[in-house]
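Work through the exercises below with the model open beside you. Try each task before reading its solution.

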Amino acid sequence: MATRPIGVVDYLLAAVQGVGNFLALYRTQGAGAHSSVEEILGNSIAVGAIAGVASLFLLGVIYQRLGIRAGGKATTPQVIHVLAYGGVPMAASVVLWVLTALLAGESAFLETPRADVEGFVVLLLHVQFATYVLLLVWSIVLIVMGFSEIQGLATRKALGLWFLGQVIGFLASIFLAVVIGTLFPGILHFIPQR
C-alpha cells in the first residue's frame, strides 16, 4: 500500500473520521442542550467531512516533515495512508455515535446526562463513551505503529512524533479557524459554542 497513490478510500476514511470528530466535539460542548439531533448530525456530516479531508492533508504534511527531521524516510502519501487507515477504529465510532443519537436523542450530545434521563439511556451513554475512548486508543496505537514502520523509527520515537504532530496540528487548526473566521464572518457557526 505504501507505493499506491492517495485514493478514494483515503478520502472516505478521512471524511468519516471528520464526522466522528465533530460528533465528539458536539458532545463535549453540550450541544444537545440547544440543538436538535438532526442539526447536530447534519452539521457533523457537512462540515466534519470537509474538515476530516482537510485535516488529513494538513497532518500528512506535518507528520512527513517531522518524520524527516527525526531521521525518517516516509513520503507524504505514505503518511496520509497511515493516518487514513490507522483511523479506521475512529471511523467505526461514527456508527456508535449515530446509534446512540437515535436511541438517546439530544441526551447523546450533553456532557453529563440530565437528572430526568432514564437509567438505560445513562448506561448507554457511559458504554458509548467508554467504547469511543477504546477506539481512540486503538487508532492511536495503529497510527504510531504505522509511523514506526514507514519512517523506520523506534516505537518510542514514533509515539513522540505522533504527539508533537498533534500539538502542531492543533495550533495550526486554531490559526486556520481564526483566519477563516476573520475573512468570512459567520462561516464557523457550525462549530458549537459555549
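The exercises go from the whole chain to single helices and then to single residues.

**Ground rules**

This is a predicted model, in which local features need pLDDT of at least 70, side-chain atom pairs count only at pLDDT 80 or more, and totals for chains, interfaces and linings use all residues. Residues are numbered from 1 along each chain as its sequence is written, and side-chain values use heavy atoms, with hydrogens and water left out.

**Exercise 1. The fold in outline**

Task: State how many helices and strands the protein chain has, and give their order.

Solution:
- Step 1. Find the elements. Helices (H or I, at least four residues) and strands (E, at least two) are DSSP runs, numbered from the N terminus.
- Step 2. Count them. The protein chain has 6 helices and 0 strands.
- Step 3. Read along the sequence. The pattern is α-α-α-α-α-α.
- Step 4. Check compactness. The radius of gyration is 18 Å, close to the 16 Å from the globule rule for 194 residues, so the chain is as compact as a globular protein of that length. The radius is taken over C-alpha atoms, and the rule is 2.2 Å times the number of residues to the power 0.38.
- Step 5. Add the dimensions. Along its principal axes, the C-alpha trace spans about 55 × 40 × 30 Å.

**Exercise 2. Surface, contacts and charge**

Task: Describe the burial, contacts, surface and charges of the protein chain.

Solution:
- Step 1. Take burial. Of the 194 residues, 40% count as buried. Buried means under 20% relative accessible area, exposed over 50%, and partly exposed in between (1.4 Å probe, protein chains only).
- Step 2. Take contacts, meaning heavy atoms within 4.5 Å. Among contacts with a separation of 6 or more, 75% join residues 24 or more positions apart.
- Step 3. Take the surface. The accessible surface is about 10,600 Å², and 73% of it belongs to carbon and sulfur atoms. Areas come from the Shrake-Rupley method with a 1.4 Å probe; for residues, only the protein chains shown count as cover.
- Step 4. Take the charges. The mean positions of the 9 positive and 8 negative charges lie 22 Å apart. Lys and Arg count as positive and Asp and Glu as negative, while His and the chain ends are not counted. Each charge is placed at NZ of Lys, CZ of Arg, CG of Asp or CD of Glu.

**Exercise 3. An enclosed helix**

Task: Why is helix 3 described as largely enclosed?

Solution:
- Step 1. Locate helix 3 at residues 76-86.
- Step 2. Pick out its buried residues: Q78, V79, I80, H81, V82, L83, A84 and G86.
- Step 3. Conclude. Since 8 of its 11 residues are buried, helix 3 is largely enclosed by the rest of the structure.
- Step 4. Name the partners. Its buried residues pack against helix 1 (8-28), helix 2 (37-69), helix 4 (88-104) and helix 5 (119-151).

**Exercise 4. Helix lengths**

Task: Compare the expected and modelled spans of helix 1 and helix 6.

Solution:
- Step 1. Set the rule. The expected span is 1.5 Å times one less than the number of residues.
- Step 2. Apply it to helix 1. Its 21 residues should span 30 Å, and its end C-alpha atoms are 30 Å apart, which agrees.
- Step 3. Look past helix 1. G30 follows, with a positive phi near 65 degrees.
- Step 4. Apply the rule to helix 6. Its 29 residues should span 42 Å; the end C-alpha atoms are 41 Å apart, which agrees.
- Step 5. Place helix 6. Its buried residues are A158, L161, W162, G165 and G169. They pack against helix 2 and helix 5.

**Exercise 5. Three residues of helix 2**

Task: Are Q64, L66 and L58 buried or partly exposed, and what do they touch? Leave out neighbours within four places in sequence.

Solution:
- Step 1. Q64 lies in helix 2. Its relative accessibility is 13%, so Q64 is buried. It contacts A74, T75, T76, V79 and Q151.
- Step 2. L66 is also in helix 2. At 15%, L66 is buried. It touches L161, L164, G165 and I168.
- Step 3. L58 lies in helix 2 too. At 28%, L58 is partly exposed. It contacts G169, A172 and L176.
- Step 4. Add a distance. L58 and S173 are 115 residues apart in sequence, with C-alpha atoms 8.9 Å apart.
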